[in-house]
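Student: I should like to understand how the terms used for a structure follow from its values. May we take them one at a time?

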Amino acid sequence: MFHILVVDDDKNTRRLMRAVLEADGYTVTTAEDGIAALAAMDREHVDLVVLDVMMPNMDGYAFCSALRAARSDLPVLMVSAKQLPEDRKKGFLAGTDDFMTKPVDTEEMLLRIHALLRRARIVSERRIQLGGVTLDYDSLSVSRPGETVTLPQKEFLLLYKLLSYPGKIFTRIQLMDEIWGAESDSGWETVTVHIGRLRRRFEDWHEFEIVSVRGLGYKAVKNV
């Protein structure tokens, strides 16, 4: 059972969030500002934070910055009435993982929370499971019953990135920066070459595939 901390200075919002999240099976703790939220985290384990921005004493930006300064990788979904691009950028610079504007669509919020928790599990477990296929980050291997393929590091990281976000389209430049680094002298054509190698290696693995999205980039598709 995942434990979610809702931080918002509005009592009615906290009450609504609690009802929606508990109905979806989560355990919920609430706090009225960032200071109270930090105190709550000292008392109990939290798996994810739903965080308002505008609050007294310690606002959402300051709370998120404090969390990241403590090297916490706790998933944070920032929720705010602020809708300008500058506000979203400020939130991501402070360390939030996702950002929604009010009024919140509760169904979308639950989907975003589910995605954030799934990604957090992938990071902490350092493996991805797709039916009978396992991607193991520590051994750079992809395995299924009776077969194990150990990949060169860049190929594995590329496949792991795509399968961490199935259905999400990544541009070649995004993948280049993520896997090879923004300072790399290699061109984006390197991504195309590595994608081709991965496709050839796993062409008979029906559990997943890498799809080209014309004019945009690539995405991984799960078939299990």
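Tutor: We may, and we begin with the largest pocket, which holds about 780 Å³ of space. Please keep in mind that this is a predicted model.

Student: Which elements give two or more residues to the lining of the largest pocket?

Tutor: They are α5 (106–125), α6 (153–164) and α7 (172–180). The largest share, 8 residues, comes from α5. The lining has 25 residues, and R119, A120, I122, V123 and Y165 lie nearest the centre of the pocket.

Student: How does the lining divide into nonpolar, polar and charged residues?

Tutor: There are 14 nonpolar, 3 polar and 8 charged residues.

Student: Y165 was named in that lining. What makes its pair with F170 edge-to-face?

Tutor: A search of the whole structure finds 6 aromatic pairs. In the pair of Y165 and F170, the ring centres are 6.0 Å apart and the planes stand at 70 degrees. Centres must lie within 6.5 Å for a pair, and planes over 60 degrees apart count as edge-to-face. Both conditions are met, so the pair of Y165 and F170 is edge-to-face.

Student: Are these two residues buried or exposed, and how do you know?

Tutor: Buried requires under 20% relative accessible area, and exposed requires over 50%. F170 has 6% and is therefore buried. Y165 has 23%, which lies between the two limits, so Y165 is partly exposed.

Student: What sits over the ring of F170?

Tutor: The charged end of K168 does, 5.4 Å from the ring centre. The distance limit for this description is 6 Å. R144 likewise lies over the face of W205, at 4.1 Å from the ring centre.

Student: Which residues do ring pairs link into a cluster?

Tutor: Y137, F156 and Y160 are linked in this way.

Student: Let us turn to the strands. Why is β1 called largely enclosed by the rest of the structure?

Tutor: Strand β1 covers residues 3–7, and 5 of its 5 residues are buried, so the description follows. In a regular strand, side chains alternate between the two faces of the sheet. In β1, H3, L5 and V7 point one way, while I4 and V6 point the other way, and all are buried.

Student: In what sense do β1 and β2 pair, parallel or antiparallel?

Tutor: They pair in the parallel sense, over 5 bridges, with β2 covering residues 27–31. One of the bridge partners is T27 in β2, which is matched with H3.

Student: What makes β10 and β11 edge strands?

Tutor: They belong to an open sheet of 3 strands in the order β10-β12-β11, with antiparallel pairing. Both β10 (170–171) and β11 (208–213) pair on one side only. β11 is joined to β12 (residues 217–222) over 6 bridges in the antiparallel sense, and E209 stands opposite V221 in β12.

Student: What is notable about the backbone at N57 and at L140?

Tutor: Most residues other than glycine have a negative phi, and most peptide bonds are trans. N57 is not a glycine, yet its phi is positive, at about 70 degrees. L140 also has a positive phi, near 55 degrees, in a residue other than glycine. N57 lies in the loop between β3 (48–52) and α3 (60–69), whereas L140 is in the loop between β7 (133–136) and β8 (141–144).

Student: How do you know whether N57 and L140 are exposed or partly exposed?

Tutor: The value for N57 is 64%, and the limit for exposed is over 50%, so N57 is exposed. L140 has 23% relative accessibility, between the limits of 20% and 50%, and therefore counts as partly exposed.

Student: Why is the peptide bond from K102 to P103 called cis?

Tutor: Its omega is near 0 degrees, and the bond is cis. P103 lies in the loop between β5 (98–101) and α5.

Student: How many helices and strands does the protein chain have?

Tutor: The chain has 8 helices and 12 strands. Buried residues make up 44% of its 224 residues, and the C-alpha trace spans about 55 × 40 × 30 Å along its principal axes.

Note on methods
Residues are numbered from 1 along each chain as its sequence is written. This is a predicted model: local features need pLDDT of at least 70, side-chain atom pairs count only at pLDDT 80 or more; totals for chains, interfaces and linings use all residues. Side-chain values use heavy atoms; hydrogens and water are left out. Rings of Phe, Tyr and Trp (its six-membered ring) pair if their centres lie within 6.5 Å; planes under 30 degrees apart count as stacked, over 60 as edge-to-face and the rest as tilted. Buried means under 20% relative accessible area, exposed over 50%, partly exposed in between (1.4 Å probe, protein chains only). A charge sits over a ring if NZ of Lys or CZ of Arg is within 6 Å of the ring centre and within 35 degrees of the ring normal. On a 1 Å grid over the protein atoms alone, a cavity is a set of points where a 1.4 Å probe fits but cannot get out, and a pocket is an open set with protein on both sides within 12 Å along at least five of seven lines; lining residues have an atom within 4 Å of a point. Grid points are joined across faces, edges and corners, and a volume is the space filled by probe spheres set on the points. Helices (H or I, at least four residues) and strands (E, at least two) are DSSP runs, numbered from the N terminus. Ala, Val, Leu, Ile, Met, Phe, Trp, Tyr, Cys and Pro count as nonpolar, Asp, Glu, Lys and Arg as charged, and the others, Gly among them, as polar. Two strands pair if DSSP finds at least two bridges between them.
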